[in-house]
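Q: I should like to learn how to read a strand within its sheet. Could the teacher take me through an example?

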Amino acid sequence: MSSTRLKVVLTRRLPDAVETRMRELFDAELNLKDIPMDRAALLAAMQRADVLVPTITDQIDAGLIITAGEQLKMIANFGAGVDHIDIDAAVARQIIVTNTPGVLTEDTADLAMSLILAVSRRIVEGAQVMAEGRFEGWTPTWMCGRKLWGKRLGIVGMGRIGQALARRARASGMQVHYHNRKAVSPRIEEELGATYWDDLDTMLSRMDVISLNCPATKETHHLLDARRVALLQPHALLINTARGELIDETALAEAVSRRSLAGVGLDVFENEPKVHLGLVGHPNVVLLPHLGSATLEARQDMGDRVIANIMTVQNGHRPPDRVIPAMF
């Protein structure tokens, strides 16, 4: 890339310190009103930017990439997931794509563990009782949830976040099981006390809690379809802090209505920000507004990672977080 200041277009509002640093280093165009760009605005941005900095709310498909300006050399995603970017189309145009892995691992694992606790111990339901002034005193049988100690947790996707969740679960006395494309190293399995299942269906049918922690790909779309949702035990809890597309929400809503699951905790949704109405209003379903990486520290770190990737490319080197099709 040229040594002149790069034209960097941010599609959303980022932390102040990140935007200020971008203005210092680049010809950065900010989105101070934080209004999501529609398709026309994204196309216009890609026709004037050297570097586009999108987020999960921006669908960067092949049609946009094909019609992007010749000067666009990099898509520096603010976030770890890149299922909203057509990586193959970008590679075909020799556009570098980067993401921000690692920096949100602990925060997302915290949230996944929080949802497990919230659903199993009916925390949100209890808080609502207090907010509405319906608490009439302790009784032996009221608002009883389920203990976590000794329960089996099945983690689908044993990457950074899955492993971080496993550490938290093990500290809570849970037995860790997992399904992955391949088993992790024996050293990691020993550290986590984790049991590997090569067959997902078998694992799903035997766990007390299932947590989805895998990326969204063509292969994982509706990974939990109606057939697999039906495999879950009636006392099981289902947690998703990864991507909404992993679950067929219609099938899940039907299972909730039939009370064939004990509880559900979701931070992501299939048609986000829309939520399937069949999942709303149930006391055993906890819904959060995509809070996985929503800490001040994580968002700052994500921005710093974006800047580092852009600077590395500007200096003629391979960025540390380059995304290639084989990764997903």
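A: The model is a predicted one. Two strands are said to pair if DSSP finds at least two bridges between them. Strand E11 (residues 263-266) and strand E12 (residues 285-287) meet this criterion, pairing in the parallel sense over 3 bridges.

Q: Which residue of E12 is the bridge partner of Gly265?

A: The partner of Gly265 in E12 is Val286. Strand E10 (residues 237-240) also pairs with E11, in the parallel sense and over 4 bridges; here Ile239 stands opposite Gly265.

Q: What unit do E10, helix H11 (residues 249-257) and E11 make?

A: Together, E10, H11 and E11 form a β-α-β unit that is right-handed.

Q: Which way do the residues of E11 point, and are they buried or exposed?

A: In a regular strand the side chains alternate between the two faces of the sheet. In E11, Gly263 and Gly265 point one way, while Val264 and Leu266 point the other way; all are buried.

Q: Which elements each supply at least two residues of the largest nonpolar core?

A: In soluble globular proteins, nonpolar side chains tend to be buried together. The largest nonpolar core in this model has 28 residues, and Leu238 and Leu252 are among those with the most contacts inside it. Helix H9 (200-204), strand E9 (209-212), H11 and E11 each supply at least two of its residues, the largest share, 4 residues, coming from H11.

Q: With which residues is Leu252 in contact, leaving aside its neighbours within four places in sequence?

A: Apart from those neighbours, Leu252 is in contact with Leu238, Ile247, Leu261, Val264, Leu266 and Leu279. A second, separate core of 25 residues includes Ala109, Ala112, Met113 and Ala166.

Key
Residues numbered from 1 in each chain as written. Predicted model: local features only at pLDDT ≥ 70, side-chain atom pairs only at ≥ 80, totals over all residues. Heavy atoms only, no water. Buried < 20%, exposed > 50% of the residue type's maximum accessible area, 1.4 Å probe, protein only. Right-handed = clockwise from strand over helix to strand, strands pointing away. Core = buried A, V, L, I, M, F, W, Y, C linked by side-chain atoms within 4.5 Å. Contact = heavy atoms within 4.5 Å.
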